[in-house]
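Trainee: I would like to practise reading a structure. Can we take the terms one by one and check each against its cut-off?

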Amino acid sequence: MQEKLGNKFYTREVTTVAKELLGKTFVKFVDGETVSAKIVEVEAYDGSVDEAAHSFGGLTTRNEVMFNEGGLLYVYFIYGTHYCCNIVTGKENDGAAVLIRAVEPLTGLDYLSENRYGKTRLTEKELLSLTNGPGKICKAFNITKKHNGIDLSGDEIFILDAKKVDKSRIAQTVRVGIKKSAELPWRFYLKDNLFVSKR
DNA sequence: TACTAGATCGGCT
DNA sequence: GCCGATCTAGTAG
């Protein structure tokens with residue numbers, strides 16, 4: 001039942017993909033170890049109508065990955081400090097992507113802890129804030145600019161299918177941390193999950 | 001608890 | 001030069 005998500009999944013409309021990514025398993029292979037986490041919070045960015053999307057102003061060297069066909073990883077650097085991790089969606093030239101805002105660690109906890117805190121024994125508080133924010137996820141998974149444009153059908157980073165989440169367990173709100181198009185209700189997260197960034 | 005500032009890269013005007 | 005799809009530590013209340 002745990003199959004790698006393929007092209008058919010990613011090339012659909014961005015808000016559809018965003019909703020369905022909830023509950024799926026994000027996986028990174030490092031040194032033969034499987035590091036994985038359940039996706040619990042995402043935001044959709046659609047370059048055609050959404051001023052907050054990096055792709056809104058058209059193609060540039062920075063956002064070119066977003067204009068590819070769905071199924072790639074788009075990583076960008078922000079505030080001089082943090083990386084954020086996106087899944088490119090839609091057809092070629094759509095400029096649409098889903099920002100991963102929060103995940104729940106499943107395996108490879110030591111790897112994640114070591115990257116984030118430089119230690120492997122965490123307090124409960126540290127565990128809960130290990131991956132509950134876009135910058136934190138990238139730090140914990142050690143995702144950097146090097147991973148920008150990686151193909152999710154490859155073997156290093158990919159997403160596994162999972163049982164579909166019941167609609168009643170998904171919450172939909174406005175997005176976080178942006179100034180333009182702030183009113184678009186394109187943030188989705190799993191209700192009652194402890195690892196979402198805010199509620 | 002609530003707000004503010006600092007960190008500090010790189011794309012864009 | 002400016003400022004951002006962020007996070008953390010620090011101070012004030």
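Mentor: Yes. Keep in mind that this is a predicted model. Start with the surface near DNA strand B, which has 2 nonpolar, 4 polar and 2 charged residues.

Trainee: Which residues are around DNA strand B?

Mentor: They are T60, T61, R62, F77, Y79, G80, T81 and K145.

Trainee: What makes a residue count as near a strand?

Mentor: One of its heavy atoms must lie within 4 Å of the strand. Of the atoms of DNA strand B that come within 4 Å of the protein, sugar and phosphate account for 64%.

Trainee: Why is G80 counted as polar?

Mentor: Because the polar class takes in Gly.

Trainee: What makes the pair between T81 and DNA strand B a polar contact?

Mentor: A polar side-chain atom of T81 lies 3.3 Å from a base nitrogen of DNA strand B. The cut-off for a pair of N or O atoms is 3.5 Å, so the pair qualifies.

Trainee: Now DNA strand C. How many residues surround it, and which are the closest?

Mentor: 20 residues surround DNA strand C. The closest are Y76, H82, N86, R116 and I178. By class, the surface has 10 nonpolar, 6 polar and 4 charged residues.

Trainee: Which elements supply at least two residues each?

Mentor: β3 (73–78), β4 (82–89), β5 (96–107) and α5 do.

Trainee: How do you know that Y76 and H82 make polar contacts with bases of DNA strand C?

Mentor: Set the distances against 3.5 Å. An N or O atom in the side chain of Y76 is 2.8 Å from a base nitrogen. For H82, a polar side-chain atom lies 2.9 Å from a base oxygen. Both pairs are within the cut-off, so both count.

Trainee: What part of DNA strand C does G177 meet?

Mentor: A phosphate oxygen, 2.8 Å from a polar backbone atom of G177. Over the atoms of DNA strand C within 4 Å of the protein, 53% belong to sugar or phosphate and the rest to bases.

Trainee: Last, the helices. Why is α3 called roughly perpendicular to α5?

Mentor: The axes of α3 (residues 109–117) and α5 (residues 134–141) cross at roughly 110° and come within 7 Å. Roughly perpendicular covers 65 to 115 degrees, so α3 is roughly perpendicular to α5. The crossing is right-handed.

Trainee: Which residues make the contact?

Mentor: Y111, L112, N115 and R116 of α3 meet K136, K139, A140 and F141 of α5. They divide into 4 nonpolar, 1 polar and 3 charged.

Note on methods
Residues are numbered from 1 along each chain as its sequence is written. Chains are lettered from A and ligands numbered from 1 in the order in which they are written. This is a predicted model: local features need pLDDT of at least 70, side-chain atom pairs count only at pLDDT 80 or more; totals for chains, interfaces and linings use all residues. Side-chain values use heavy atoms; hydrogens and water are left out. Axes are lines fitted to C-alpha atoms, for helices over the stretch in contact, and angles run from 0 to 180 degrees between N-to-C directions. Helices (H or I, at least four residues) and strands (E, at least two) are DSSP runs, numbered from the N terminus. Angles under 35 degrees count as roughly parallel, over 145 as roughly antiparallel, 65 to 115 as roughly perpendicular and the rest as oblique. A crossing is left-handed if the near helix is turned anticlockwise from the far one by less than a right angle, and right-handed if clockwise. Contact means heavy atoms within 4.5 Å. A polar contact is a pair of N or O atoms within 3.5 Å; within protein, one must be able to donate a hydrogen and the other to accept it, and residues adjacent in sequence count only if both atoms are side-chain atoms.
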